[in-house]
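Please open the model in your viewer, with a cartoon for the backbone and sticks for side chains, and keep a selection prompt at hand. The stops below follow one another, each giving something to select and then what is found there.

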Amino acid sequence: MTNVAILGYGTIGSGVAKVIKENQDVIKLNSGDDIKVSKILDLRDFPGDENESLITHDYEEIVNDPDIDIVVETMGGTKPAFDFVKRAILAGKSVCTSNKALVADHGTELIRTAKEKNVKFYFEASVGGGIPILRPLKTCIVADQVESIRGILNGTTNFILTKMEKDGASYEDVLKEAQSLGYAEADPTADVEGFDTCRKIAILTALTYGAQVDYQDIDTKGITQITSEDMEYAQKINRKIKLLGMSKKENGKLYALVAPYMLDENDPLFPVSGVFNAITVKGNMLGDVMFYGQGAGKEATASAVVTDIVEAVKKHGEPLDIRWEAEKLTVESADELEDRFFVRLSSQDAAAADTLLDYERIEGVIPGEVGFITKKMTYTELQGKLDGLNALSVIRYA
Ligand code: HSE
């Protein structure tokens with residue numbers, strides 16, 4: 001019997017209890033053991049809930065309980081999650097978490113400590129919700145040099161962009177609708193400014209290259225500047241605007257960024273709509289592979305957490321199979337990453353730009369302005385060319 005404690009009985013934590021109960025037979029077959037939730041930590045009481053009797057408000061009851069083998073952390077944030085998780089590991093318990101902030105901020109230390117204590121620290125659900133991506137990266141794509149990772153890693157922003165594209169509505173109106181449907185938080189900053197995607201691409205990059213990536217080094221731009229006019233241009237040229245988290249090796253340098261991109265219809269990420277997430281990984285031998293599914297949501301995310309539990313049970317006593325060294329990877333400025341760019345200028349500025357930009361022009365979409373698609377250049381070069389002009393929009397174009 002493996003006893004599990006859950007920290008945080010919110011959406012994901014209650015989902016973990018549900019998956020363990022409803023799928024107990026298959027979980028036993030795959031892990032070789034009975035897995036039981038024996039304690040749940042939450043500040044709240046849950047009168048009438050089927051797990052009411054398991055609730056405790058005191059973390060000491062969990063960390064000091066020798067019968068608890070695995071701690072699931074689904075509280076979110078880093079305080080007190082980091083303290084609780086570190087203490088659980090030091091107490092010899094494996095930890096499975098869905099918390100990307102915890103992993104992005106403290107992954108290096110928690111992995112090192114878990115190795116020292118010979119327990120597991122797994123975090124499959126922290127990126128891409130229910131999509132299996134971290135384990136495949138470490139167990140399946142191991143004969144390749146990974147050249148790039150590109151992902152739609154945030155359901156909220158993909159929902160908003162998809163709605164803007166389909167309804168022709170403004171960012172502000174669609175955000176309100178997303179909030180009323182529960183797809184966006186009351187304070188949507190972390191999603192719409194790209195911070196959530198930034199932590200996820202930091203984790204993917206660290207895991208891929210086996211060393212720490214500071215998410216603060218990743219140039220991050222969200223979707224708040226995307227307008228219905230940008231969408232009209234995208235539609236006219238059969239493109240879609242998607243918020244991508246990306247890291248890429250070029251000429252021996254590592255670039256990482258979060259930015260909206262205008263994607264071509266042949267791009268595998270082009271059809272990924274609504275709250276869905278997808279990640280493409282390019283190996284030097286393998287070429288592109290893609291992972292697609294629900295990047296958020298109770299059962300899907302909980303399923304990934306429980307998969308981690310099954311792995312922790314199966315591999316109990318074995319050394320932690322994650323390479324993530326403290327050595328910090330240098331992330332180059334995204335300003336120096338070459339891309340093509342979509343630029344909107346007023347007709348007056350467009351005349352001045354004629355001599356500056358090597359471009360394709362898109363006319364007749366919005367009166368009084370012109371859209372340009374530049375040749376490949378760095379953002380720094382583009383800024384130089386646009387000096388003195390008032391660009392109405394600049395979006396990377398893949
Ligand atoms: N707010 C996140 C999203 C939740 O929309 O993808 C999952 O990390």
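Select V95, which lies in strand β5, residues 94-97; strands here are DSSP runs of E with at least two residues, helices are runs of H or I with at least four, and both are numbered from the N terminus. V95 has a relative accessible area of 0% and is therefore buried, where buried means under 20% relative accessible area, exposed means over 50%, and partly exposed is what falls in between, with a 1.4 Å probe and protein chains only. Now add D288 to the selection and draw a distance between the C-alpha atoms: V95 and D288 are 193 residues apart along the chain, and 32 Å separates these two atoms.

Before going further, note that this is a predicted model, in which local features need pLDDT of at least 70 and side-chain atom pairs count only at pLDDT 80 or more, while totals for chains, interfaces and linings use all residues. Residues are numbered from 1 along each chain as its sequence is written, and side-chain values use heavy atoms, with hydrogens and water left out.

**The ligand and its shell**

Next, select the ligand and expand to residues near it, meaning those with a heavy atom within 4 Å. Which residues surround the ligand? The selection should show K100, N154, G155, T156, D191, D196, K200, G295 and A296. By class, this shell has one nonpolar, four polar and four charged residues, where Ala, Val, Leu, Ile, Met, Phe, Trp, Tyr, Cys and Pro count as nonpolar, Asp, Glu, Lys and Arg as charged, and the others, Gly among them, as polar. Colouring by secondary structure brings out two helices, α7 (155-167) and α10 (195-209), each of which supplies at least two residues of the shell.

Keep the ligand in view and look at its polar contacts, that is, pairs of N or O atoms within 3.5 Å. An N or O atom in the side chain of T156 is 2.8 Å from an oxygen atom of the ligand, and a polar side-chain atom of K200 likewise lies 2.8 Å from a ligand oxygen. For N154, the distance from a polar side-chain atom to an oxygen atom of the ligand is 3.5 Å. Of the 250 Å² of accessible area that the ligand has on its own, the protein covers 79%, with areas taken from the Shrake-Rupley method and a 1.4 Å probe.

**Backbone geometry**

Most residues other than glycine have a negative phi, and most peptide bonds are trans. With that in mind, select K79 and P80, whose connecting peptide bond is cis, with omega near 5°; P80 is placed in the loop between β4 (68-73) and α4 (81-90).

Then go to N118, in the loop between α5 (100-117) and β6 (121-122), where phi is near 55°, a positive value in a residue other than glycine. N118 has 36% relative accessibility, so it counts as partly exposed. A further stop of this kind is N238, in the loop between α11 (228-236) and β10 (240-250); its phi is near 55°, again positive in a residue that is not glycine, and at 38% relative accessibility N238 counts as partly exposed.

**Further pairs to select**

Select T220 in strand β9, residues 219-220, which is partly exposed with a relative accessible area of 27%. Its C-alpha atom is separated by 29 Å from that of V365, 145 residues away along the chain. Where does E360 lie? E360 is in strand β16, residues 359-362, and from there to K375 the C-alpha distance is 8.4 Å, with their positions 15 residues apart in sequence. Finally, select Y379 in helix α14, residues 379-385, together with N251: the two are 128 residues apart in sequence and 17 Å apart in space, C-alpha to C-alpha.

Key. A polar contact is a pair of N or O atoms within 3.5 Å; within protein, one must be able to donate a hydrogen and the other to accept it, and residues adjacent in sequence count only if both atoms are side-chain atoms.
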